[in-house]
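Hi everyone, thanks for coming. I'll put the structure up and then walk you through a few spots I picked out, so keep it open while I talk.

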Amino acid sequence: MDFSFTEEQEMTRQMVREFAEREIAPVVMEYDESQQFPWEIIRKLAELGLLGILISPDYGGSGMGYIDLAIIIEELSRVDPSIGLTVAAHNSLCCNHIYLYGTEKQKKNYLPLLASGKKLGAWALTEAEAGSDASAIRATAILRDGQWVLNGSKLFITNANVGEVAVVLAVTDKSKGAKGISAFILEKGMAGFRVGKKENKLGVRASDTAELIMEDCSIPQENLLGKEGEGFINALALLDGGRVGIAAFSVGIAQGVMELCLKYSKERVQFGKPIAKFQAIQWILADMATQIDAARLLTYRAAYLRQQEQRSTKEASMAKLYASEMAVRATEKAVQIFGGYGFTKDYPVEKFYRDVKIATIGEGTSEIQHLVIARQILE
Amino acid sequence: MKIIVCIKQVPDTEAKIKIAPDGRAIDDAEINYIINPYEEYAIEEGLRTKESLGEGEVILISVGPERASTALRSGLAMGADRAIHINDSLLDENDPLLVATILSKAIQQEGYNLILCGVQGVGTDHYQVGPILAELLGIPHVGVVTKLQISPDKAVAHREIEGVSEVIETPLPALFTAQKGLNEPRYPSLKGIMMAKKKPLTLLDCQHLGLSEEEVNKLKGKALIIKLELPPMRPKGLVVQGEPSETVKQLIEWLQKETGIL
Ligand SMILES: Cc1cc2nc3c(=O)[nH]c(=O)nc-3n(C[C@H](O)[C@H](O)[C@H](O)COP(=O)(O)OP(=O)(O)OC[C@H]3O[C@@H](n4cnc5c(N)ncnc54)[C@H](O)[C@@H]3O)c2cc1C
Ligand SMILES: Cc1cc2nc3c(=O)[nH]c(=O)nc-3n(C[C@H](O)[C@H](O)[C@H](O)COP(=O)(O)OP(=O)(O)OC[C@H]3O[C@@H](n4cnc5c(N)ncnc54)[C@H](O)[C@@H]3O)c2cc1C
């Protein structure tokens with residue numbers, strides 16, 4: 001058994017860490033407060049190849065794997081979860097759906113633009129009435145005169161405003177349930193396709209979340225992505241990779257707050273000594289460190305399995321469940337260790353405490369992860 | 001144009017330094033090693049020169065133990081074309097005369113038009129390898145450079161001296177040592193990282209450079225590290241608060257009692 005990262009992976013981690021600390025850390029609060037999309041940072045990430053992580057160089061990508069993806073999302077989220085989430089959704093959902101299931105023509109058309117970051121991508125499954133129960137979506141796509149006509153709306157879609165390409169799931173045959181759902185590639189500017197309300201969120205406020213609306217949106221027949229009726233099945237397979245991303249997002253956040261706590265608890269003096277000298281604080285820190293490592297091991301195991309193209313549904317769900325719940329606890333404890341200062345926006349733990357909560361909700365809530373894991377072990 | 005960049009791998013500037021049991025070296029058990037930051041400027045300048053001339057080759061050279069190859073790979077990931085790693089148990093990468101001599105042999109074998117070094121290696125901070133190397137090669141040297149314009153046969157270098165900028169023109173080949181401010185080093189891209197392993201990294205030892213053990217030993221030890229000590233802990237400061245009449249009193253009392261200055 002070998003737990004070491006390759007030299008390239010270590011280099012990638014160091015590069016992303018340095019980038020995040022120098023270029024992102026100074027402006028994190030500014031973007032959070034204004035809820036502006038950090039275009040300047042995203043453009044720099046694009047130049048470094050971070051918007052085409054999994055895509056082969058044949059389509060202008062970086063040709064890296066799921067372990068590298070996890071490293072990158074972990075390191076970005078350690079400094080700014082909003083950027084971690086933007087990068088995760090673009091790479092592991094939108095790009096990867098086209099990369100894994102697209103035709104050669106679709107891949108040639110879209111991947112170079114997405115991988116180079118000239119266009120950002122969104123991935124739209126959730127609807128107002130279909131979140132956890134995702135196969136209950138109501139958006140429809142009907143083939144009419146050689147064109148797909150889409151109707152319906154998608155809620156809580158990451159990169160909905162800023163993205164110019166969207167993979168959208170819609171029902172093509174209602175009688176077949178989950179096997180009657182297909183995926184489509186939509187582009188901004190197509191008639192009948194528009195952005196709805198932008199969400200005002202608790203956390204990850206510099207990540208763009210909004211509604212996507214299709215009203216008699218007519219698209220070429222060739223924009224069907226994957227086989228007709230396989231959109232939902234492909235989406236589930238995709239989520240095995242996506243959940244590794246959310247697990248890495250969680251590990252990064254927890255690592256970020258732990259480092260802040262270690263520093264703060266050694267500096268903050270109460271009762272004549274640094275609070276790190278109190279056993280009550282030491283217990284919290286020891287638990288944090290242990291649980292972060294456990295989550296990290298689950299995360300990289302799931303990434304490894306996925307990279308080996310082995311089945312990883314259970315392992316990805318376990319990693320996502322454990323890491324996200326762990327990170328929520330860690331940020332709560334971090335605010336506690338910072339005391340009154342942790343409750344203010346002058347100290348960074350307050351933002352992590354808000355940002356982390358999406359991890360137990362997005363790409364399947366914790367309850368849904370329990371269902372997935374239970375189904376796998378009872379099989 | 002053949003652009004040589006000499007790089008050293010050094011302890012991370014954020015690493016917590018502990019002294020090894022022998023008292024003469026640092027304990028490297030838990031230390032993360034990086035490219036000497038001043039040499040990141042040198043690499044960046046080499047890459048920019050190649051890009052602006054539209055031709056050339058950037059070759060990295062490092063003297064150091066096995067781990068130094070990681071620094072060379074990082075430099076290749078930034079965009080350098082190939083690397084030479086000189087590793088020999090006879091060598092000591094912290095001995096400036098020895099390192100400069102070894103580098104001069106390798107660089108003479110390689111051929112060169114332009115040589116870039118960092119102004120100093122953080123940690124040991126000798127500021128010597130660049131100037132000694134230029135001297136051994138018999139070429140001009142401009143140190144502590146903050147701006148550099150290279151054309152095919154000459155260079156114009158700027159350096160900050162007391163209150164003014166000094167501008168120096170020199171024919172090539174020449175050697176320059178990079179100071180902070182020379183440029184903003186790029187981050188290696190993911191593509192650069194993936195390509196780094198495919199680029200040539202040549203391993204050399206003293207024998208390859210035509211140096212016998214005896215010759216190496218003769219060069220060594222012109223300066224010896226006798227002892228390393230950590231800087232003394234900064235004594236606790238005093239914050240005086242309140243009205244000026246109060247704070248002055250507090251300060252005087254402190255200066256009398258705690259410091260003996262008054
Ligand atoms: C910031 C953000 C970004 C997002 N980005 C995207 C995106 O890019 N693309 C996309 O398609 N979606 C996206 N989503 C949507 C996200 O995936 C859904 O919010 C999530 O799947 C939960 O669905 P829901 O909000 O409808 O909650 P519901 O499904 O209504 O769940 C409400 C509660 O009921 C629980 N529950 C539901 N069913 C069960 C059950 N069977 N047993 C036990 N408990 C159950 C849930 O766990 C939860 O606690 C995003 C959401 C947010 C907040
Ligand atoms: C919104 C807000 C409103 C407030 N309003 C008021 C107000 O109206 N009036 C007022 O006077 N104050 C007020 N406060 C201050 C509040 O009472 C303090 O923030 C609180 O007492 C904690 O002190 P601290 O922030 O200095 O944290 P610290 O005392 O520095 O504590 C930091 C951490 O160390 C832990 N710790 C400290 N000592 C020990 C120990 N011996 N053993 C184990 N753990 C230890 C703490 O539990 C905490 O987790 C307010 C604070 C906030 C955030």
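Right after helix 2 of chain B sits B:Gly79, and its phi is positive, about 135°. Keep in mind that this is a predicted model, as are the values I'll quote today.

Let's stay with that helix for a moment. Is helix 2 of chain B, residues 68-78, enclosed or open to the outside? Nine of its eleven residues are buried, so the helix is largely enclosed by the rest of the structure. If you want to find the buried ones on your screen, they are B:Ala68, B:Ala71, B:Leu72, B:Arg73, B:Ser74, B:Gly75, B:Leu76, B:Ala77 and B:Met78. Notice that an arginine, B:Arg73, is on that list.

Now zoom out to chain B as a whole. It has seven helices and eleven strands. The C-alpha trace spans about 70 × 45 × 40 Å along its principal axes. Of the 262 residues in chain B, 45% count as buried. Its accessible surface is about 14300 Å², and 52% of that belongs to carbon and sulfur atoms. And if you take the contacts in chain B with a separation of 6 or more, 70% of them join residues 24 or more positions apart.

Next, some backbone oddities. As background, most residues other than glycine have a negative phi, and most peptide bonds are trans. So here are the exceptions I picked.

The peptide bond from B:Leu172 to B:Pro173 is cis, with omega near 0°. You'll find B:Pro173 in the loop between strand 9 and strand 10 of chain B.

Then there's B:Val144, which is not a glycine but has a positive phi near 55°. It sits in strand 7 of chain B, residues 141-150. B:Val144 is partly exposed, with a relative accessible area of 28%.

Chain A has a valine like that too: A:Val204 has a positive phi of about 35°. This one is in the loop between strand 6 and strand 7 of chain A. Is A:Val204 buried or exposed? Its relative accessible area is 4%, so it counts as buried.

On to the nonpolar cores. In general, nonpolar side chains in soluble globular proteins tend to be buried together. Here, the largest nonpolar core has 112 residues. Which members touch the most others? Those are A:Ile24, A:Leu45, A:Leu50, A:Leu76, B:Val5, B:Leu60 and B:Phe176, so look at both chains. Helix 7 of chain A, residues 231-267, gives the most to this core, with twelve residues. Let's click on A:Ile24: leaving out residues up to four places away in sequence, it touches A:Phe19, A:Ile41, A:Leu76, A:Val79, A:Asp80 and A:Ile83. There's also a second, separate core of 31 residues, and B:Ile4, B:Cys6, B:Ile59 and B:Tyr112 are among its members.

Back to helix 7 of chain A, because it also holds a residue I want to show you, A:Asn234. A:Asn234 is buried, at 7% relative accessible area. Apart from neighbours within four places in sequence, A:Asn234 is in contact with A:His97, A:Tyr101 and A:Gly226.

Compare that with A:Glu164, in strand 4 of chain A. At 34% relative accessibility, A:Glu164 counts as partly exposed. Sequence and space tell two stories here: A:Glu164 and A:Lys119 are 45 residues apart along the chain, but 5.7 Å apart from C-alpha to C-alpha. Beyond four places in sequence, A:Glu164 touches A:Lys118, A:Lys119, A:Leu120, A:Leu186, A:Glu187 and A:Lys188.

Last stop: two helices in chain A. How do helix 9, residues 313-342, and helix 11, residues 366-378, pack? Their angle is about 145°, and their axes are 9 Å apart. The crossing is left-handed. Among the residues making the contact are A:Met318 and A:Leu321 from helix 9, and A:Val372 and A:Ile373 from helix 11. The contact isn't purely nonpolar, though: its residues divide into five nonpolar, seven polar and three charged.

That's my tour. Any questions?

Conventions:
Residues numbered from 1 in each chain as written. Chains lettered and ligands numbered in written order. Predicted model: local features only at pLDDT ≥ 70, side-chain atom pairs only at ≥ 80, totals over all residues. Heavy atoms only, no water. Axes fitted to C-alpha atoms, helices over the stretch in contact; angles between N-to-C directions. Helix = DSSP H or I, 4+ residues; strand = E, 2+ residues; numbered from the N terminus. Left-handed = near helix turned anticlockwise from the far one by under 90°. Contact = heavy atoms within 4.5 Å. Nonpolar A, V, L, I, M, F, W, Y, C, P; charged D, E, K, R; others polar. Core = buried A, V, L, I, M, F, W, Y, C linked by side-chain atoms within 4.5 Å. Buried < 20%, exposed > 50% of the residue type's maximum accessible area, 1.4 Å probe, protein only. Areas by Shrake-Rupley, 256 points an atom, 1.4 Å probe, with all protein chains shown as cover.
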